[in-house]
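This report walks through one protein structure for a reader who has not met it before. Please keep the sequence and the structure in view while reading.

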Amino acid sequence: MSSPVPPTSNPSDFDKTHIRHAILQAQIGFQEGGVPIGGALVTADGVVVGVGRNRRVQKGSAIRHGETDCLENIGRLPAKMYQGCTMFTTLSPCTMCTGAILLFGIKRVVMGENTTLVGGEQILRDAGVELVNLDLSECKDMMAKFIAAKPGVWREDIGEK
């Protein structure tokens with residue numbers, strides 16, 4: 001079990017601004033009846049390349065987590081494009097999303113929280129990816145509300161029985 005990334009004591013304005021894109025996607029997903037996890041890929045100069053949300057329920061998909069949906073929505077880009085971006089996600093990336101982050105060479109991940117789930121953080125750290133944990137109560141509360149209402153869907157989403 002990897003140790004979770006501790007909360008970031010002084011998050012940057014960049015991080016506080018751009019996590020909002022992922023949170024909005026999570027809120028939309030929650031309203032749609034899906035797992036409220038959102039993602040956004042943002043360039044170093046603040047251009048939002050794309051956004052996504054967990055749509056496993058909505059699309060009957062096995063792999064549409066917030067981060068993978070974001071990447072799918074963006075479509076094909078040159079590899080260099082991903083490498084200069086930050087992936088914003090409302091929750092610590094699971095191992096599947098961790099793999100996608102590594103595959104595309106994304107070097108920075110900002111998460112809304114990792115209290116609900118500690119995903120592949122150690123794998124990302126070992127690969128040299130910078131991790132920022134904003135530890136946002138807004139993200140934790142949204143996940144807690146969803147898990148209380150749909151515990152079976154949550155367990156399925158993270159691969160548990």
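## Around Asp 135 and Pro 11

In this predicted model, Asp 135 counts as partly exposed because its relative accessible area is 27%, a value that falls between the limits of under 20% for buried and over 50% for exposed. Asp 135 sits in the loop that runs between strand E5 (130–133) and helix H7 (137–149). Although Asp 135 is not a glycine, its phi is positive, at about 50°. Most residues other than glycine have a negative phi.

Pro 11 belongs to the segment before helix H1 (13–31), and with a relative accessibility of 26% it is also classed as partly exposed. When its neighbours within four places in sequence are left aside, Pro 11 is in contact with Lys 16 and Leu 134. The second of these contacts joins distant parts of the sequence, since Pro 11 and Leu 134 are 123 residues apart along the chain while their C-alpha atoms are separated by 6.7 Å.

## A buried residue of helix H1

Where in the structure is Ile 23, and is it buried or exposed? Ile 23 lies in helix H1, and it counts as buried because its relative accessibility is 0%. Not counting residues up to four places away in sequence, Ile 23 touches Thr 90, Leu 136, Glu 138, Cys 139 and Met 142. The C-alpha atoms of Ile 23 and Arg 53, which are 30 residues apart along the chain, are separated by 9.2 Å.

## Helix H3 and its surroundings

Helix H3 (66–74) is largely enclosed by the rest of the structure, because seven of its nine residues are buried. The buried residues of H3 are Gly 66, Glu 67, Thr 68, Asp 69, Cys 70, Leu 71 and Ile 74. They pack against strand E1 (38–43), strand E2 (48–53), helix H4 (79–83), E3 and H5. Just after the helix comes Gly 75, which has a positive phi near 85°.

## The nonpolar cores

In soluble globular proteins, nonpolar side chains tend to be buried together. The largest nonpolar core of this model has 16 residues, and the members that touch the most others are Leu 41, Leu 71, Met 87, Ile 106, Val 109 and Leu 131. At least two residues of this core come from each of H3, strand E3 (85–89), helix H5 (95–103) and strand E4 (108–111), and H3 gives the most, with three residues.

One of the core members named above, Ile 106, is in contact with Leu 41, Leu 71, Tyr 82, Cys 85, Met 87, Ile 101 and Val 129, once its neighbours within four places in sequence are set aside. A second core, separate from this one, has 12 residues, among them Ile 19, Val 42, Phe 88 and Cys 139.

## The cavity and the largest pocket

The structure holds one cavity of 30 Å³ or more, and the largest cavity contains about 80 Å³ of space. Its lining is made of 14 residues, with Ile 37, His 65, Leu 91, Ser 92 and Cys 94 lying nearest the centre. Helices H3 and H8 (151–157) are the elements that give two or more residues to this lining. By residue type, the lining of the largest cavity divides into eight nonpolar, four polar and two charged residues.

Which residues line the largest pocket? The residues around it are Ile 63, Arg 64, Thr 68, Leu 71, Glu 72, Gly 75, Arg 76, Tyr 82, Met 96, Ala 100 and Phe 104, and the pocket has a volume of about 180 Å³. H3 and H5 each supply at least two residues of this lining, with H3 giving the most, at three residues. The lining of the largest pocket is made up of six nonpolar, two polar and three charged residues.

## The annotated region

An unreviewed UniProt entry lists residues 13–131 under the name "domain: CMP/dCMP-type deaminase". Over this stretch the model's chain is 44% helix and 19% strand, and the C-alpha atoms at its two ends are 16 Å apart.

Conventions: Residues are numbered from 1 along each chain as its sequence is written. This is a predicted model: local features need pLDDT of at least 70, side-chain atom pairs count only at pLDDT 80 or more; totals for chains, interfaces and linings use all residues. Side-chain values use heavy atoms; hydrogens and water are left out. On a 1 Å grid over the protein atoms alone, a cavity is a set of points where a 1.4 Å probe fits but cannot get out, and a pocket is an open set with protein on both sides within 12 Å along at least five of seven lines; lining residues have an atom within 4 Å of a point. Grid points are joined across faces, edges and corners, and a volume is the space filled by probe spheres set on the points. Helices (H or I, at least four residues) and strands (E, at least two) are DSSP runs, numbered from the N terminus. Ala, Val, Leu, Ile, Met, Phe, Trp, Tyr, Cys and Pro count as nonpolar, Asp, Glu, Lys and Arg as charged, and the others, Gly among them, as polar. UniProt positions are given in the numbering used here, feature names are shortened, and annotations may be inferred rather than shown by experiment. A nonpolar core is a set of buried Ala, Val, Leu, Ile, Met, Phe, Trp, Tyr and Cys residues joined through side-chain atoms within 4.5 Å. Buried means under 20% relative accessible area, exposed over 50%, partly exposed in between (1.4 Å probe, protein chains only). Contact means heavy atoms within 4.5 Å.
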